Amino acid sequence: MSKIEISSRFQPEAIEDKWRKAWEEGKYFKANPDSGLPVFSIVIPPPNVTDILHLGHALNNTLQDVLVRYKRMNGFETEWLPGYDHAGIATQVVVEKQLSREGTNRHKLGREKFLERVWEWKERNGNNIVNQLKMMGCSCDWERTRFTMDDQLSSAVLEVFVHLYNKGLIYRGKYIVNWCPRCHTSLSDDELERNEKNGHLWHIRYKIKGSDETLVIATTRPETMLGDTAIAVNPRDDRYKRHLGKSAILPLMDRELPIIADDYVDMEFGTGALKVTPAHDPNDFEIGERHELERLNILNTDGSINENGGKFAGLDRYDARKKVVSELEKKGYLEKIEDYVVPVSECYRCHTEIEPYLSEQWFVKMSALAKPATEAVENGTVRFIPEHWSKTYLHWMYNIRDWCISRQLWWGHRIPVYYCDSCGKEIVSREPVEKCPGCESDSIRQDEDVLDTWFSSWLWPFSTFGWPEKTKELQAFYPTNSLFTANEIIFLWVARMVMAGYEFLGKPPFNHVLIHGTVRDSKGVKMSKSLGNGIDPLEIINDYGTDALRATLLLLTPEGQDPFISKKSFEIGRNFANKIWNASRLVMMNLDNFKLADQGSEPTPSEIPDKWILSRFAQTTKYARECFDNFRFNTAAKAIYDFFWRDFCDWYLEMVKPRVYTDGGGKPDDNARFILFYILNGSYRLLHPYMPIVTEELFQLLFKAVGNKPPKPSLTITPWLDVPGSFINTELEKQMRFIQDLVGAIRNIRSEMNVPPGKNADVVIKPSDENAAGWINGCADYVRLLAKVGSMDIDENAARPMQSATAVIKGAEIYVPLAGLIDIDLEKNRLQKEIERLTQLLGKSDKKLVNDDFVKKAPEEVINKEKEKNQDYRERLDKLNKNLEEIVGW
């Protein structure tokens with residue numbers, strides 16, 4: 001018996017907590033800024049503190065962890081800094097909903113008490129996020145966990161605000177902003193979700209003053225006419241030139257509106273005349289600036305009509321729309337209504353339709369900040385993977401607009417601006433202001449607003465390391481190396497971080513930006529809580545294990561593409577973990593009395609299978625390294641998966657069995673056992689970045705099985721194994737591909753002809769490749785073993801024997817005489833019955849698929865399943881008919 005106890009099946013729940021705890025206690029993930037080693041650093045994209053992590057987080061963090069573990073095993077001082085984001089509006093909305101369920105709201109609580117509730121939420125959820133990351137196997141530097149509202153990160157925010165304000169890049173002004181009536185705050189353009197909905201185009205008559213003529217103007221928002229202050233036409237539009245300089249009368253409000261000329265007006269849209277509402281449309285605002293028009297705000301912050309709306313005051317904006325349209329119709333001002341598809345923008349958190357709204361806000365001038373960040377991508381200093389995302393980045397940068405950074409919220413970094421109510425002085429300060437430096441009054445109040453969440457997030461790559469202080473961590477770990485993120489925040493976050501890096505440290509925050517796919521369900525729909533199609537990664541971990549979660553995500557996510565995933569998908573990772581465990585157990589149970597000390601540092605293969613498997617192993621490790629170094633994690637995962645499952649388990653283990661598994665008789669071949677040890681030891685290192693827990697457990701057990709201590713106390717810090725290139729033998733690999741094809745073809749014949757498993761088949765092989773005969777003779781014993789072959793006749797002039805099944809592979813034709821192997825009459829009857837059964841099933845399926853009721857009424861997944869069954873019946877019938885034809889021909 002082997003010297004170790006190893007469970008007969010892989011039970012992830014029995015070992016996961018053990019290794020998470022051991023890694024943390026061993027401080028293997030803690031980076032030392034003074035180590036002198038080459039540094040590899042990453043900062044985690046901080047998840048919002050609003051909720052539990054979803055499958056997208058699992059993919060993002062697994063990708064990061066794969067690279068971090070790979071770099072750690074390759075001798076780098078690896079710093080992977082974890083943390084989470086306060087997520088201003090998102091968190092405030094969540095807590096406000098919680099308060100609503102309790103029958104109260106933030107205004108009843110007051111600012112201080114409300115913020116206490118949010119901090120409670122943050123403590124609970126922040127800890128949950130860290131625990132979830134640990135459950136996913138992430139190898140973060142946990143002692144450096146950061147939060148965007150930590151004291152030190154908050155001081156960085158203050159420093160940046162003051163710096164930009166003093167530089168003239170932060171200013172306050174009244175401009176049109178995106179306003180959420182539900183959240184009562186402004187939003188940046190990038191915080192909107194844009195959709196389309198079916199709406200209308202209302203055509204309204206505006207009477208020309210002192211005339212019976214009217215101008216007809218089309219609008220999708222008739223309620224905003226209450227705030228009209230002009231009518232604009234294109235100066236080149238001959239239809240309206242005679243009206244320029246005149247006035248029109250605003251229906252329902254009886255206000256005079258000047259008729260002005262402006263190049264912005266599209267002569268082809270609607271009637272070519274435009275109602276100008278400077279306080280409620282960004283383009284109208286610009287027209288108003290050019291023509292010095294009044295800005296008449298008709299909305300309250302909750303989206304209801306204010307006192308400027310006359311008799312419509314107090315109505316909700318949508319009720320006001322109905323009422324305005326009704327009044328226009330009643331008074332003869334409504335010419336017609338057309339159906340129209342209307343673009344709408346919604347708050348990205350509460351999904352309320354936003355209103356363009358004139359409001360005093362704080363802004364950052366972005367054009368100067370954007371210049372070095374644009375050049376960094378243009379000249380390749382910052383590189384996107386896949387490269388095409390750089391075009392998206394640059395498109396935004398070339399069209400950059402000033403950033404509205406103030407939010408009318410309570411949760412977040414409060415704007416460090418103070419106002420003196422005595423003399424009106426505006427003071428910007430890093431420290432709280434209690435006395436006016438101008439008039440020395442203590443009548444001081446701080447700006448009520450907070451900063452946009454992204455105003456702290458854009459500092460994340462350096463504020464987390466202690467900036468603005470010149471810390472050892474900042475010096476060692478900034479700039480970071482790579483960023484992993486999703487495409488929807490390229491501008492919201494990635495671009496702003498690059499701008500901040502250049503502005504405050506003179507360097508980009510990272511050199512590589514890997515944009516990964518978006519996790520979708522099996523139908524290709526993006527996973528979301530609202531659709532109910534999301535998958536909880538913790539549920540997957542409980543059902544299948546951490547390694548199964550990670551391996552599945554990486555195997556099913558091609559570089560730069562969206563993975564389509566269902567719960568069943570995770571059987572892929574679970575099955576692979578089981579395969580690794582079972583193959584390892586098989587080897588370890590047969591390492592009795594094997595002494596590693598008697599072997600050299602590397603195997604010396606003599607048998608063809610030994611040379612072949614070491615060649616494949618060397619090729620795989622070399623290829624995997626190339627993939628890792630070029631961010632091709634899915635490609636590397638597939639290559640390692642194929643090597644371990646197909647080459648090692650399906651082929652080499654089967655070929656080496658007679659030399660190793662002696663069942664108590666004879667002496668096992670120690671050379672073969674060393675090769676098995678060598679490949680398992682190296683495979684665990686290859687697989688460790690993807691499947692850290694099962695590989696750590698087996699790595700420890702493997703060395704215990706041979707009575708040795710591992711080279712390092714943990715696989716996490718054990719060097720990556722580079723298999724010598726001298727093992728690579730492409731000719732031998734070509735030979736083995738031929739042997740595999742040969743064995744596969746014989747196995748297929750046995751299966752299709754229903755040859756009993758216990759019977760050996762005689763085989764005649766007619767080689768057509770000049771090397772084939774030599775290849776077969778060199779591996780004859782292995783062909784007999786793997787394909788259950790009795791006699792094997794190799795003859796380039798061979799004729800097809802009577803009553804034989806045949807197969808053709810590249811380089812040879814194969815004949816398997818079936819007389820004596822099967823009862824031919826019995827097999828003929830079996831095939832005929834099976835063909836009859838499948839023909840009936842196919843007929844029923846065909847009728848279903850041409851039935852209009854079924855096709856129109858059945859759910860799409862039911863129809864697709866029926867199509868798959870139909871195709872399966874056809875393929876099986878085709879094979880059975882070919883087999884029957886072959887037998888009948890005898």
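**Exercise 1.** In this predicted model, list the residues with which Gln-408 is in contact, leaving aside its neighbours within four places in sequence, and then decide whether Gln-408 counts as buried or exposed.

*Solution.* Beyond those neighbours, the residues in contact with Gln-408 are Arg-106, Trp-179, Cys-183, His-184, Thr-185, Ser-186, Gln-361 and Asp-449. Among them, Asp-449 also takes part in a polar contact, made between its side chain and the side chain of Gln-408 at 2.8 Å. As for its place in the chain, Gln-408 lies in the loop between strand 17 (406–407) and strand 18 (417–420). Buried means under 20% relative accessible area, and Gln-408, at 15% relative accessibility, therefore counts as buried.

**Exercise 2.** Determine how helix 17 and helix 20 are oriented towards each other, and state which residues make the contact.

*Solution.* Helix 17 (residues 571–588) packs against helix 20 (residues 670–687) at an angle of about 155 degrees, and their axes are 11 Å apart. Since angles over 145 degrees count as roughly antiparallel, helix 17 is roughly antiparallel to helix 20. The crossing of the two helices is left-handed. Helix 17 contributes Phe-576, Ile-580, Ser-584, Val-587 and Met-588 to the contact, while helix 20 contributes Leu-676, Leu-680, Tyr-684 and Leu-687. These residues comprise eight nonpolar, one polar and no charged.

**Exercise 3.** Carry out the corresponding analysis for helix 2 and helix 16.

*Solution.* Helix 2 (residues 55–73) and helix 16 (residues 546–555) pack at about 90 degrees, with axes 10 Å apart, and are therefore roughly perpendicular to each other. The residues of their contact divide into eight nonpolar, one polar and three charged.

Methods. Residues are numbered from 1 along each chain as its sequence is written. This is a predicted model: local features need pLDDT of at least 70, side-chain atom pairs count only at pLDDT 80 or more; totals for chains, interfaces and linings use all residues. Side-chain values use heavy atoms; hydrogens and water are left out. Axes are lines fitted to C-alpha atoms, for helices over the stretch in contact, and angles run from 0 to 180 degrees between N-to-C directions. Helices (H or I, at least four residues) and strands (E, at least two) are DSSP runs, numbered from the N terminus. Angles under 35 degrees count as roughly parallel, over 145 as roughly antiparallel, 65 to 115 as roughly perpendicular and the rest as oblique. A crossing is left-handed if the near helix is turned anticlockwise from the far one by less than a right angle, and right-handed if clockwise. Contact means heavy atoms within 4.5 Å. Ala, Val, Leu, Ile, Met, Phe, Trp, Tyr, Cys and Pro count as nonpolar, Asp, Glu, Lys and Arg as charged, and the others, Gly among them, as polar. Buried means under 20% relative accessible area, exposed over 50%, partly exposed in between (1.4 Å probe, protein chains only). A polar contact is a pair of N or O atoms within 3.5 Å; within protein, one must be able to donate a hydrogen and the other to accept it, and residues adjacent in sequence count only if both atoms are side-chain atoms.
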